[in-house]
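This briefing goes through one protein model, topic by topic. Please keep the sequence and the 3D view open while reading.

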Amino acid sequence: MQRTFLAFQHNAHLHSLQTVVRAVRSFASLEEANKGLFKGANEEDHVVVTEQTIFHPQGGGQPSDVGSITDPSGASFNVSAVRMNQVVQGEVLHLGQFADASLHFKPGDNVTQTIDSDKRLLYSRYHTAGHVLGAAVRHLLENEVANFDELKASHFPDSASCEFQGLIEGKWKDPIQARLDEYINKDMPVEIDFWDEEDFKTNGLERLIPDRKAMGMTDEEKFRVVRIKGAEVYPCGGTHVDSTQLCGKTNVKKISRSKGISRVSYILP
């Protein structure tokens, strides 16, 4: 089975896309590894696989898109969750329910995908803001905090935070906020690019080179990166706004510390 083409990674402004159905499966028929991806799913749910998708699957700290898939016959499928297949590498699973149980898709059908644009914009603002926060903390503290490094992040609206190696004291909250405000207000362009290992090395960013084999990528494929011009570059498969100012006011909520790890949480109004 071919991997699903992730159209949103090449054009995040697509909120509607025509594509072709590859498979339709009942939730009950899924492998246990894939059933475990969808908490709260029930026997009425189905999974639709398409050749391309504009739905961002949950991952990289970003929630999945939601929306609908429809066909000319009137069949309509409400997409409630999207995940990467845990059994077939690179395949995207769209979970949801058909509006009419008598009208289903079949392989080969032409369909139209439509995402919830408001949620996509919110998730994109949070994701970009998280990277801007990471850049602000790195530039401010990488020479101030012992063993500093950026770790993982969550860009979910109800639990957004960035984690860092090293102990960041509470006294840094206001300086971090000030640097974050500076970067947001500078309206830095946010650009998507595709790099190979040499591009990372040329830019002095060897520490960011992803694991090609773990990602199931061929030797010819390039890694997707998000470049916040004037700040940082991050390997990233998520969706973003076009400039830092479009994140809106980003507030640092608190800094928490545990076992040598510091978490800086943030929120958008």
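Is Cys-247 buried or exposed? Cys-247 is buried, because its relative accessibility is 0%. Buried stands for under 20% relative accessible area, exposed for over 50%, and partly exposed for what lies in between, with a 1.4 Å probe and protein chains only.

The model is predicted: local features need pLDDT of at least 70, side-chain atom pairs count only at pLDDT 80 or more, and totals for chains, interfaces and linings use all residues. Residues are numbered from 1 along each chain as its sequence is written, and side-chain values use heavy atoms, with hydrogens and water left out.

**Cysteines**

- The model has zero disulfides, a disulfide being a pair of cysteine sulfur atoms within 2.5 Å.
- The sulfur of Cys-162 has its closest cysteine sulfur in Cys-247, 11 Å away, which is too far for a bond.
- Cys-247 is likewise in no disulfide, the sulfur of Cys-162 being the nearest cysteine sulfur.
- Cys-162 counts as buried because its relative accessibility is 4%.

**The barrel**

- Six strands form a closed barrel in the order S2-S3-S7-S6-S5-S8, and their pairing is antiparallel.
- From one strand to the next, the twist averages 45°; axes are lines fitted to C-alpha atoms, for helices over the stretch in contact, and angles run from 0 to 180 degrees between N-to-C directions.
- Strands here are DSSP runs of E with at least two residues, helices are runs of H or I with at least four, and both are numbered from the N terminus.
- Two strands pair if DSSP finds at least two bridges between them.
- Strands of a sheet pair through backbone hydrogen bonds, in either a parallel or an antiparallel sense.
- Within the barrel, strand S2 (residues 16-26) runs antiparallel to strand S3 (residues 46-50), and five bridges join them.
- Ala-23 faces Val-49 of S3 across this pairing.

**Strands S9, S10 and S15**

- A hairpin of six residues leads from S9 to S10.
- S9 and S10 are antiparallel and share four bridges, and Ser-154 stands opposite Ser-161 in S10.
- S10 also pairs with S15, again in the antiparallel sense, over five bridges.
- Phe-164 has Ser-262 in S15 as its bridge partner.
- S10 is largely enclosed by the rest of the structure, because four of its five residues are buried.

**Salt bridges**

- There are 16 salt bridges in the structure, each being a side-chain nitrogen of Lys or Arg within 4 Å of a carboxyl oxygen of Asp or Glu.
- Asp-149 bridges to Arg-138, with the closest N and O atoms 3.2 Å apart.
- This pair connects distant parts of the chain, as Asp-149 is in strand S9 (residues 149-154) and Arg-138 is in helix H2 (residues 117-141), 11 residues apart.
- Asp-149 counts as partly exposed because its relative accessibility is 31%, whereas Arg-138, at 6%, counts as buried.
- Arg-138 also forms a salt bridge with Glu-150, where the closest N and O atoms are 2.8 Å apart.
- That second pair again links helix H2 with strand S9, its residues being 12 apart.
- Glu-150 counts as buried, at 19% relative accessibility.
- Another salt bridge joins Arg-263 to Glu-163, and the closest N and O atoms are 2.7 Å apart.
- Arg-263 belongs to strand S15 (residues 261-267) and Glu-163 to strand S10 (residues 161-165), so far as the chain goes 100 residues apart.
- Arg-263 is partly exposed at 37% relative accessibility, while Glu-163 is buried at 13% relative accessible area.
- Arg-138, Glu-142, Asp-149 and Glu-150 form one network through salt bridges that share partners.

**Aromatic residues**

- The structure has seven aromatic pairs, in which rings of Phe, Tyr and Trp (its six-membered ring) have centres within 6.5 Å; planes under 30 degrees apart count as stacked, over 60 as edge-to-face and the rest as tilted.
- Phe-200 and Phe-223 make an edge-to-face pair, because their ring planes stand at 70°, with the centres 6.1 Å apart.
- Phe-200 is in helix H4 (residues 197-202) and Phe-223 in strand S12 (residues 223-228), so the pair ties together parts 23 residues apart in sequence.
- Both Phe-200 and Phe-223 are buried.
- One aromatic cluster consists of Phe-77, Phe-98 and Phe-105.
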